[in-house]
Amino acid sequence: MRQLLIKAAVPLVVGALVLAGLSGAAFANAKHQATAKPTFDLAYEGPLSGGNAQLGLNMAYAVQYAISQANSGKSAFGNLPFKLTYIAKDDQGSATLSPTDAQELVSNKSVIAVVGPAFSGATKAAEPTFSANHLATVSPSATLPALASFGWKNFFRVVADDGVQGPADANYVVNTLKLKKLYVVDDAGTYGVGLAGAFAGQAKKDGAKVTTNSFPGTTQCSDGTASPTQYPDDAATVVSANPQMVFYGGYYCDLGLLLGALHKAGYKGKVMSGDGSDSISLIAGTNPTSAASGVYATCACAVIGKSAADNTFAAGFKKIAKFAPAIYSAEAFDAANTIISEMKLLSSGKTGTMAITRAAVVAGLHKITYVGLTKTISFTSNGNIKGNAIYVNQVQHGTLVQLGLE
Amino acid sequence: MHCPAFIAHNNIWVSLVVGGLANGFLYALIALGYTLVYGVLRLINFAHSEVVMAGGFGGLFAMRAVLGTSTPAGFWAIGFMLVGIVAGALAGGATAFVLERVAYRPLRKRNAPRLTYLISAIGASFFLYNIAGKEFGRYTAFIQTPTVIQGNAFSLCGVGVQSDWILTMVTALVLLLVLDTVVNRTKLGKGIRAVAQDAETASLMGVHIDRTIALTFVLGGLMGGAAGFLFGLQFGVIYTMGFVPGLKAFTAAVLGGIGNIRGAMIGGLLLGVFESIPLRWMSAEWQDVVAFGVLVMLLLFRPTGILGERLGREA
């Protein structure tokens, strides 16, 4: 109990010090401020500089927006009995920088929880430190399946991992779209082979007839070494197998080339791919662009902009960020709000804000159910998001339209 | 048209062979650039892949300038393709000319060792494709295609033969015939063959060596640039587009007998078909394994290539 008191007191005092502007009269003011709301730091860790900065900024501004909303008292949480301060650690998405960031965050006792780390590699490197200090981390975007297997009690993520996508896609194709004759292609890269393999395995279990093939990625696109001259031949082999659907494990650039070739070869079936192809660039990368029409692209990331809440978020985000919410913004907003909702829950007990401790937040997140923008968030015991949480999108009239959860 | 039962039941063959031939014609056009330069200078112009890329961009920009964003219809819209081919060829020829001036001639004047040419060529190649990536963007751009080229030209045993394949083959065939005539029937051709046989003697006989070499580069560049446009028409234009076809064409040139013009043509066509056929049984991952396996076997039995080395000497 004494420890608990100290833990609660530290952020209280720190918060008061901040409010008092660290003046000479700080101590006297602190007493006065003690009747005001205690302050906690809600941290964000992810890339804010370097090559992946944009992805990190998409999330950072969303966390800032969530905090400003909560503090304003105008959010769905109402008037909270505590204040939140935003702090950020830039790990550049790198596994070499993130352990230092984690160390700084855990030694800052006013930090109550972390949104992040954004990247899987950085998460893997930092999590032992967070875990040893019972500091909850809720990642909006780390999708490496193995992250849930290390027994970290403080690790949570609001996106489905990479291992979920392939099987979920297969179930959707076989059970929802009712397609039984499938042609599964990968780009011979790590991501594509994994996704296509997981899809093919589940589709067979679901009773579909599956043909597999590998069309290695080309030099014209990011990672490949093969030649784009293969695609007319590839398309001919697909057409001769006459499938109802082609599932492509790979990225949009090569898929665009394949779609063009399939179109020319007279392919009439459907096409689906995963998050590697879930990009508006897929359409511009297909010649003619009409050949991309009707293609399904699935992603653990949600496209927002459907509901009024989505639009409020988009407008508020844009005010802070000066750009529209992009990939993983809504997930970061949900991650921050899940933590805030747990803090509110803890503070509603007898001991009030005294009950908000790092360990209590970790324990609470294991039981939480929070209805976020992207989905209803609750976690399995290893920190993964419950349910499939894979969204299916389709190219319609030159843009990607979200059809819903699979 | 009567269709043999075997093909009718395995009509994927038609796609593979015709598509392979179309690629083969592209390789042949590009291979000529390697073989011509090898003939007169005894060195491989490793920057030739960037000549192809320049042709792709030249054609792309010319088509954009002429067509704007429209997609012309009707048979005579095929005339726009001529604009693209000519623009691609000119861009390729100009790039090859500049390459010779900047990356080769200064070295030749100083009697630089062979290795220096190689490094100079690789340097020029890196320079060119990186500057193209920087200036023109790093995404694939597609050349506007008149509707007459978009679909299938005709059907062969139930398989559509794409119009752009036909365009590629016809163009390549015409250019190959023109080049063959130039090299074998004209004064310039005689000069090229003379320099290839013995540069010093040729110069004693009054052949202007510098000009002949420059024109050889330009000839190869015109073919490579046109091929770049035709390649871009099918697969899009991007700064890295020259790399693989360049390497394949170099292979085709060696396969046919480096320095031998007709050899380059045959080598290109064979490589194109070799690449395609295995897809009847195997995944595309095996494409290069099989194609290059065959290549190595062929060279083991005929080290100088199918038609033998040397430009100018009868095979």
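The expected span of a helix is 1.5 Å times one less than its number of residues, and I begin with that rule since the first element I want to show you, in what is a predicted model, can be checked against it. Helix α7 of chain A, residues 190-205, has 16 residues, so at 1.5 Å a residue it should span 22 Å, and its end C-alpha atoms are in fact 23 Å apart, which agrees.

Staying with α7(A), let me ask which of its residues are buried. They are Gly192(A), Leu195(A), Ala196(A), Phe199(A), Ala200(A), Gln202(A) and Ala203(A), and the buried residues of this helix pack against α6 (162-176), β6 (181-186), β7 (209-214), β8 (245-249) and β9 (270-273) of chain A. After the helix comes Gly207(A), which has a positive phi, near 95°.

One of those packing partners, β9(A), leads us on to the next strand, since β9(A) and β10(A) run parallel and are joined by two bridges, with Ser273(A) having Ala297(A) as its bridge partner in β10(A). On its part, β10(A), residues 296-299, also pairs with β13(A), residues 391-396, this time in the antiparallel sense and over four bridges, and there Tyr296(A) stands opposite Gln394(A). As for the side chains of β10(A), Tyr296(A) and Thr298(A) point one way while Ala297(A) and Cys299(A) point the other way, and all of them are buried.

Turning to the domains, the assignment for chain A gives domain 1 as 37-160 together with 306-377, and domain 2 as 163-299; the centres of the two, taken over C-alpha atoms, are separated by 34 Å.

Now to another sheet in chain A, an open one, in which five strands follow the order β2-β1-β3-β4-β5 and the pairing is parallel. Why do β2(A) and β5(A) each have one side without a neighbour in the sheet? The reason is that β2 (83-90) and β5 (155-157) stand at the edges, each with a single partner strand. From one strand to the next, the twist averages 25°. If we look at one pair in detail, β1(A), residues 39-46, and β2(A) are joined in the parallel sense over eight bridges, and Asp41(A) has Thr85(A) as its bridge partner in β2(A).

A single residue of chain A also deserves a moment, namely Pro99(A), which is found in helix α4, residues 98-107. With a relative accessibility of 28%, Pro99(A) counts as partly exposed, and, leaving aside residues up to four places away in sequence, it touches Ala125(A) and Ala126(A). By contrast with those contacts, Gly372(A) lies 273 residues from Pro99(A) in sequence and 29 Å from it in space, C-alpha to C-alpha.

Finally, chain B, where I have picked out two helix pairs. Helix α8(B), residues 187-197, packs on α10(B), residues 209-235, at an angle of about 110° with the axes 10 Å apart, which makes α8(B) roughly perpendicular to α10(B). In this pair, Leu188(B), Gly191(B), Ile192(B) and Val195(B) of α8(B) meet Thr212(B), Leu215(B), Thr216(B) and Leu219(B) of α10(B).

In the second pair, the axes of α2(B), residues 12-41, and α11(B), residues 243-256, come within 8 Å and cross at roughly 70°, and these two helices are therefore roughly perpendicular to each other. The residues of α2(B) in this contact include Tyr27(B), Ile30(B) and Tyr34(B), and among those on the side of α11(B) are Pro245(B), Leu247(B) and Phe250(B).

How values were computed: Residues numbered from 1 in each chain as written. Chains lettered and ligands numbered in written order. Predicted model: local features only at pLDDT ≥ 70, side-chain atom pairs only at ≥ 80, totals over all residues. Heavy atoms only, no water. Pairing = 2+ DSSP bridges. Axes fitted to C-alpha atoms, helices over the stretch in contact; angles between N-to-C directions. Buried < 20%, exposed > 50% of the residue type's maximum accessible area, 1.4 Å probe, protein only. Contact = heavy atoms within 4.5 Å. Domains from an automatic or database assignment. Parallel < 35°, antiparallel > 145°, perpendicular 65-115°, else oblique.
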